[in-house]
Amino acid sequence: MPADENAERPEDVTVKDPVAAPGTDGRPRRGTRRFPLFTRDTARPEGGGRAAPGAAPAPARQWPILSVLIVVGLGLFLTALDVFRLGTLLIGIALLAGAALRWTLPDVGMLAVRSRFTDIATYGVLGGAISLLALMAQPDPWLEIPFLSDTLHFTVSQ
């Protein structure tokens, strides 16, 4: 009797551990707990699905990120035309709008980069900081915070 008749067939094998690619004999081989050298697949972030049905054209499926990028592009264009305050304010508002879209919509396409909380925190903090700095830019700031000027005078005079 040949030795091959006693061998288990690959479809008869029950695997309980992580499995890598099948070996040369067709049986699954036990995988390693190490991360692979090359990533073959990545999980989509929560809410990273299409913002429109699959039959819609690509720009319609990705309208959240496109709307944020268009407003940021308009802000950069205005900044290049020497309308600094309005341009940077538009950039900050676009990031705040991205945070609001990420919070309210279940699927935002490529606007979802990390977890929902991390995206909202990142877009919100960056958008708020850019907007605040645009409002406080010299000369003739639109927003003056008294304790900041006192802090500046205290640190410079010492």
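User: What counts as a helix or a strand in this predicted model, and what pattern does the protein then follow along the sequence?

Analyst: Helices are DSSP runs of H or I with at least four residues, and strands are DSSP runs of E with at least two, numbered from the N terminus. Read along the sequence of this predicted model, the protein follows the pattern β-β-α-α-α-α-α, and its secondary structure comes to five helices and two strands.

User: Why is S131 called buried?

Analyst: Buried means under 20% relative accessible area, and S131 has 9% relative accessibility, so S131 counts as buried. The residue lies in helix α4, which spans residues 116-136, and, once its neighbours within four places in sequence are left aside, S131 is in contact with L89, G92, I93 and L96. Across the protein, buried residues make up 24% of the 158 residues.

User: Why does V83 count as partly exposed?

Analyst: Partly exposed is the class between the cut-offs of 20% and 50% relative accessible area, and V83, at 33% relative accessibility, therefore counts as partly exposed. V83 is placed in the loop between α2 (63-80) and α3 (84-104).

User: What makes V83 eligible for a nonpolar patch, and which residues form that patch with V83?

Analyst: Patch residues need over 30% relative accessible area and no salt bridge, and Val is among the nonpolar side chains that are joined within 5 Å; the 33% of V83 passes the area cut-off. Together with L74, F77, L81 and L86, V83 forms a nonpolar patch on the surface, and these residues have about 450 Å² of accessible area together.

Conventions
Residues numbered from 1 in each chain as written. Predicted model: local features only at pLDDT ≥ 70, side-chain atom pairs only at ≥ 80, totals over all residues. Heavy atoms only, no water. Patch = residues over 30% accessible without salt bridge, like charges linked within 9 Å, V, L, I, M, F, W, Y side chains within 5 Å. Areas by Shrake-Rupley, 256 points an atom, 1.4 Å probe, with all protein chains shown as cover. Salt bridge = Lys/Arg side-chain N within 4 Å of Asp/Glu carboxyl O. Buried < 20%, exposed > 50% of the residue type's maximum accessible area, 1.4 Å probe, protein only. Contact = heavy atoms within 4.5 Å.
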